[in-house]
Every structure is written in structure tokens, then in C-alpha cells.
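Here's a protein fold to explore, pockets, core, rings and all. Have a look at the model below, and then let's walk through it together.

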Amino acid sequence: MVRSSRAHCLKGFKSHGDGYHTWTEDEIAAFEAHHPIKSKARLSMTLMLCTGQRRSDAVRMGWQHVKGKLISVRQQKTHASLQIPIHPDLEAVLTHPPQTHLTCVLTEYGKPFSPAGFGNWMRKMCDAAGLSACTSHRLQKAWARRLAEAGCSNQEIKAITGHETEAEVARYTKTADQKLMAQKATARLVSSRDDLNSANHTAKVS
């Protein structure tokens with residue numbers, strides 16, 4: 001007699017998420033503390049973080065894409081063309097490397113990184129900073145979280161990350177600090193009420 005296995009009837013479970021750890025503010029600060037502003041590691045992390053882009057886009061960013069206070073990105077995955085304002089943190093690191101090559105970040109042999117090679121190298125840079133849970137992945141999500149915590153709308157966030165749907169943005173910003181966002185929302189409400197009261201008072205006086 002053939003014995004049936006109960007496991008044969010069970011469906012494989014679906015894993016939620018991609019398994020990559022999202023950088024916290026403390027981890028970003030630790031990376032910056034270990035890798036000084038003139039280092040290639042600091043440039044690489046800041047380039048990904050402050051543009052909200054994937055590693056496949058970061059390895060192709062070059063000085064020819066920097067125009068004044070903007071950096072142009074054509075995303076490899078989505079083919080979206082973006083014009084992203086250069087954040088002061090990124091501007092600070094871009095002033096140091098020599099602008100003699102087409103790409104901002106180069107291997108030790110002076111060649112552009114492949115996305116996989118860049119990921120492996122960044123893994124080592126994270127380990128050197130004592131951040132074993134961090135990789136080049138999820139820096140984009142960390143930037144989206146920062147934008148959400150700053151009160152940016154989904155449309156504003158999509159204009160930087162290149163995401164197309166509300167669901168994608170929601171997935172990337174769900175780790176935003178609830179307490180901080182609630183405090184900002186309440187502050188805006190109070191400010192709005194004060195402005196309304198002031199306007200009403202002015203109308204009565206006049």
C-alpha cells in the first residue's frame with residue numbers, strides 16, 4: 001500500500017519581501033563614520049542613497065550626467081528618464097573625485113563596475129564598517145523612507161525613485177517613522193488652524 005504524504009497536499013508558502021535588510025539611520029551614520037567623505041565607498045553609498053536609485057543605475061552614472069544642480073538618470077530597469085536635484089550630501093562627495101572618466105565610481109583597475117561586481121564590493125565595504133546586515137540593496141528604500149518622513153507626497157517620491165504605481169511607493173515607504181510623521185501632520189494641522197484664525201481676525205478688524 002502506498003502511503004500518502006500530508007506534505008504532498010500542502011502548497012509552498014510565499015515569502016514576503018526580498019530578504020534584503022533596509023538601512024536604518026544609525027547604520028547610514030555608522031557607514032559614513034567609517035568611510036570618510038573622500039573615499040570611494042562613501043561616494044558609492046551616497047550616490048545610491050541621495051539619488052534613490054538601484055545599483056544597476058549607480059554604476060552607469062557619470063560626470064556627463066551632472067548638469068548644474070541636477071543629475072540625469074535613465075533607469076535600466078524601467079527605462080524612466082529622471083532629472084534629480086543634487087542633494088547637499090551628494091554635492092559634498094562629488095567635489096572630491098577626479099572627473100577624468102565617464103563613470104563616477106571605478107574598480108581598482110580604473111574600469112566601470114558591473115552591477116554584480118559593485119554589489120560584491122559594497123558588501124565588503126559594509127562589512128568593514130561592521131554592518132553585516134547591510135548591502136547595496138535597500139539604499140533606495142531608505143531614501144524613499146526619508147522622503148516620506150519629510151512629508152513628501154507619493155507623486156513627489158515617484159519623481160525621484162522612478163516607481164510607477166502607488167503600491168510600489170507604499171511598499172518602499174511603509175517603514176517610515178510613524179511617530180515622526182504623526183508629529184509633522186499634527187504640526188501642519190495646528191499651523192493651518194493658526195493661519196485660519198489669523199485670517200479671520202484680520203477680516204474682522206478690517
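The lining of the second largest pocket is made up of nine nonpolar, four polar and two charged residues. Keep in mind that you're looking at a predicted model. This second largest pocket has a volume of about 170 Å³. It is lined by 15 residues, and those closest to its centre are Lys-40, Leu-43, Pro-97, Pro-98 and Cys-104.

What is the volume of the largest pocket? That one comes to about 370 Å³. Its lining has 20 residues, with Arg-54, Lys-77, His-137, Gln-140 and Tyr-172 closest to the centre. Sorted by type, the lining of the largest pocket has three nonpolar, eight polar and nine charged residues. Which helices chip in at least two residues each? They are α3 (55-58), α6 (139-149) and α8 (166-173).

Here are the two pockets side by side:

| Pocket | Volume | Nonpolar lining residues | Polar lining residues | Charged lining residues |
|---|---|---|---|---|
| Largest | about 370 Å³ | three | eight | nine |
| Second largest | about 170 Å³ | nine | four | two |

Now for the inside of the protein. In soluble globular proteins, nonpolar side chains tend to be buried together. In this model, the largest nonpolar core has 45 residues, and Trp-23, Phe-31, Met-45 and Phe-118 have the most contacts inside it. Which helix gives the most to this core? It's α2 (residues 40-51), which puts in seven residues.

Trp-23 is a good one to click on. Setting aside neighbours within four places in sequence, Trp-23 is in contact with a whole list of residues, among them Phe-31, Met-45, Leu-131, Ala-142 and Arg-145. His-137 and Arg-138 are also on that list of Trp-23 contacts. You've already met His-137, one of the residues closest to the centre of the largest pocket.

Next up, the aromatic rings. A pair of aromatic rings is described by the distance of the centres and the angle of the planes. How many aromatic pairs turn up in the whole structure? A search finds four. In one of them, Phe-113 and Trp-121, the ring centres are 5.5 Å apart and the planes meet at 35°, so this pair counts as tilted. For Phe-118 and Trp-121, the centres are 6.2 Å apart and the planes are at 40°, so that pair is tilted as well. Put together, ring pairs link Phe-113, Phe-118 and Trp-121 into a cluster.

Why are Phe-118 and Trp-121 separated by about one helical turn? Because they sit three residues apart in helix α5 (residues 115-128). Are the members of this cluster buried or exposed? Phe-113 and Trp-121 are both buried, and Phe-118 counts as buried because its relative accessibility is 2%. For Trp-121, the relative accessible area is 16%, and the cut-off for buried is under 20%.

Finally, check out two spots in the backbone. His-79 isn't a glycine, yet its phi is positive, at about 65°. You'll find His-79 in the loop between β2 (70-74) and β3 (81-85). With a relative accessibility of 52%, His-79 counts as exposed.

Arg-138 is another residue other than glycine with a positive phi, near 75°. Arg-138 is in the loop between α5 and α6. Is Arg-138 buried or exposed? It counts as buried, because its relative accessibility is 10%.

How values were computed:
Residues are numbered from 1 along each chain as its sequence is written. This is a predicted model: local features need pLDDT of at least 70, side-chain atom pairs count only at pLDDT 80 or more; totals for chains, interfaces and linings use all residues. Side-chain values use heavy atoms; hydrogens and water are left out. On a 1 Å grid over the protein atoms alone, a cavity is a set of points where a 1.4 Å probe fits but cannot get out, and a pocket is an open set with protein on both sides within 12 Å along at least five of seven lines; lining residues have an atom within 4 Å of a point. Grid points are joined across faces, edges and corners, and a volume is the space filled by probe spheres set on the points. Helices (H or I, at least four residues) and strands (E, at least two) are DSSP runs, numbered from the N terminus. Ala, Val, Leu, Ile, Met, Phe, Trp, Tyr, Cys and Pro count as nonpolar, Asp, Glu, Lys and Arg as charged, and the others, Gly among them, as polar. A nonpolar core is a set of buried Ala, Val, Leu, Ile, Met, Phe, Trp, Tyr and Cys residues joined through side-chain atoms within 4.5 Å. Buried means under 20% relative accessible area, exposed over 50%, partly exposed in between (1.4 Å probe, protein chains only). Contact means heavy atoms within 4.5 Å. Rings of Phe, Tyr and Trp (its six-membered ring) pair if their centres lie within 6.5 Å; planes under 30 degrees apart count as stacked, over 60 as edge-to-face and the rest as tilted.
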